[in-house]
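Colleague: I should like to learn how to read the features of a structure like this one, beginning with the general idea each time and then turning to the case at hand. Could we start with the surface?

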Amino acid sequence: MTYSEKVLEHFRNPRNVGEIIDADGVGTVGNPICGDLLTLYIKVRDGKISDIKFKTFGCGAAIATSSMITELAKNKTLDEALKITRNDVANALEGLPPIKMHCSNLAADGLKEAIKDYYSKRGVKLDEKKIIVLDDCPSCGFELKPFRDKSIKFCPRCGVKVTKEV
Amino acid sequence: MRRIFLDHASGCPMDARVIKHMEELYDKSFGNPSSLHTLGLDARKKLEDSREKVAKLIGAERKEEIIFTSGATESNNLALIGYALRNKNGRRKVVVSKIEHISIMNVAKYLSKLGFEVAYAPVDEYGRVKLPKLDEIVDSNTLIVSIAYANGEIGTTQDIRAISDIVHAKGAILHSDGVPAVGRIPVNVVRDQVDMLTLSSNDLYGPKGVGALYVKTGTRIQPIIFGGGQEKGLRSGTENVPAIAGFGMAAEIMYKEWREESEREKQIRDKLIDTLTSNIEQAYLNGHRTLRLPNNASLRFIGIEGESLVLNLDAYGIMASTGSACSSKTLEPSHVLMAIVPNEVEAHGSLMLTLGRDNRIEEVDQVSTVIKDVVSKLRAMSPLWGKPLDLEEWRQKMEHSEGE
């Protein structure tokens, strides 16, 4: 497992570290038990992210992606910022080791949470994705239609995830 | 920038005398020890000389009790699989401690797939095997027990003689991974009544890719590698004579020098532990304060993550390691740390410093200052530092998100 030069550069000199006391939106993602926790703070002026700061507990990739998202999101409109994906962050860092792509690449999710928080403080609900239960379990084929009303998330037979966002 | 290497448990530099010796052998002594001609006999002699030197280092009575392998992982595989398969028609239980090296853990899993019962002996908060518990777990169905002399990650040493007494009283045999311990603390297979012992050359400043398994006379194992029947049929394959000779020389040097060197490293270790735990708040020692390897300082720092600590130290020329997840191939905290520290978050904040012959006590001040600065920097950017942590809440959140 090796990090790109860009990851190491951001890791060693992270941009926009800190908290914004009077933030307009705050997003926290990750879980310290898993070894990564990120809190993003945003200030919004005229529909744009005018300031953004982060605090992160985690590995090199977690810190570098946090730093990178602050650069990618700054001065973007909220709509533009919402479109930044995990892959955008990884690409801007010239790639992440495969094992880090899932667990430590949380920054894009953190930004979405912060923007959601900004909207919800203003009584606006972002278009929530609707979660549906699949017809059959994708792993064992168990028929799930009878369970639809019970809002299950996992297959009662084999335990794999059986919901989908639409 | 002068580099300071504090990761000797991961790899030791080779002794210059060993390198010189091996260079000559690669050039002039390329014979196969199984050949009957002069060069073959010469290689055979080198092989047997090394066997004797390795045997002497661990107090083995006969040099024939040493089987050369490709390294400690192979030795651990040969010991456990070789013994379990050879004796599979009797007892069916294999016991290992909860803090064994990953090569023991994964062999134990494999044996469990083959139908053996595997039981894990618990350790206390310092990583010492709980002897009364071990006495309960090892029973009349137990075939073999594997417990290391010392743990290379947290440094804690075990009372191997007490363990072997428990094991033998139940009619089982004891294998011990001696890799972190040999050449650092007294290891004697006769005094400690160990039936099999794993050794690694590189940990003795010899070449990589060679190791040995001590198999006490009368301990019956079967090979896991088949071929021309070298090493008493227990490890087929043409012997890597230059590497084995290097291993032998490294063992000979270790035999003469280890006591003095261990005493020297212990001074550095103690200064390092004392300085770091007194100068940095919420910095704790992993493992036992005194019952520990002289070259191991394993610490944890609350509020930060080990990999980011190691990467930052590297930027200052200080090379160390973490038992924590994110630097390894899995993302789980190490099973060794998880067995002794209060929770996952603390395990993630661990730093392992392992000393060697190239370290000097004068380096401690520089190392401590850099670690202190890096820990402060990482804590300043950590959302966990300075705030109470409700682990139960996070644990629930994790359960909710599982499978997503």
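Modeller: Accessible areas come from the Shrake-Rupley method with a 1.4 Å probe, and for residues only the protein chains shown count as cover. On that basis the accessible surface of chain B comes to about 16,800 Å², of which 51% belongs to carbon and sulfur atoms, while chain A exposes about 8,300 Å², with carbon and sulfur atoms supplying 49% of it. Please keep in mind that this is a predicted model, in which local features need pLDDT of at least 70 and side-chain atom pairs count only at pLDDT 80 or more, whereas totals for chains, interfaces and linings use all residues. Residues are numbered from 1 along each chain as its sequence is written, chains are lettered from A and ligands numbered from 1 in the order in which they are written, and side-chain values use heavy atoms, with hydrogens and water left out.

Colleague: What share of the residues in chain B is buried?

Modeller: A residue is called buried under 20% relative accessible area, exposed over 50% and partly exposed in between, with a 1.4 Å probe and protein chains only. Buried residues make up 58% of the 404 residues in chain B, and 45% of the 166 residues in chain A count as buried.

Colleague: How does the radius of gyration of chain B agree with that of a compact globule?

Modeller: The radius is taken over C-alpha atoms, and the globule rule is 2.2 Å times the number of residues to the power 0.38. For 404 residues a compact globule would have a radius near 22 Å, and chain B agrees because its own value is 22 Å. Along the principal axes, the C-alpha trace of chain B spans about 70 × 50 × 40 Å.

Colleague: How is each chain divided into domains?

Modeller: Domain bounds come from an automatic or database domain assignment. Chain B has domain 1 (4–9 + 258–403) and domain 2 (58–239), with C-alpha centres 28 Å apart. With contact meaning heavy atoms within 4.5 Å, 26 residues of domain 1 of chain B touch 28 residues of domain 2 of chain B. Chain A is divided into domain 1 (5–125) and domain 2 (127–166), and 30 Å separate their centres, taken over C-alpha atoms.

Colleague: How many helices and strands are there in chain B?

Modeller: Helices (H or I, at least four residues) and strands (E, at least two) are DSSP runs, numbered from the N terminus. Chain B has twelve helices and twelve strands, and chain A has six helices and five strands. One of the strands in chain B is β12 (residues 350–354), where B:S350 lies; B:S350 is buried because its relative accessible area is 1%. From B:S350 to B:P333 there are 17 residues in sequence and 9.5 Å in space, C-alpha to C-alpha.

Colleague: Where is A:N75 placed, and what is the sign of its phi?

Modeller: Most residues other than glycine have a negative phi. A:N75, however, has a positive phi near 70°, and its place is in the loop between α2 (60–73) and α3 (78–82) of chain A. A:N75 counts as exposed because its relative accessible area is 54%. In chain B, the phi of B:Q193 is also positive, near 55°, and B:Q193 is found in the loop between β6 (173–177) and β7 (196–200). B:Q193 counts as partly exposed, because its relative accessibility is 28%.
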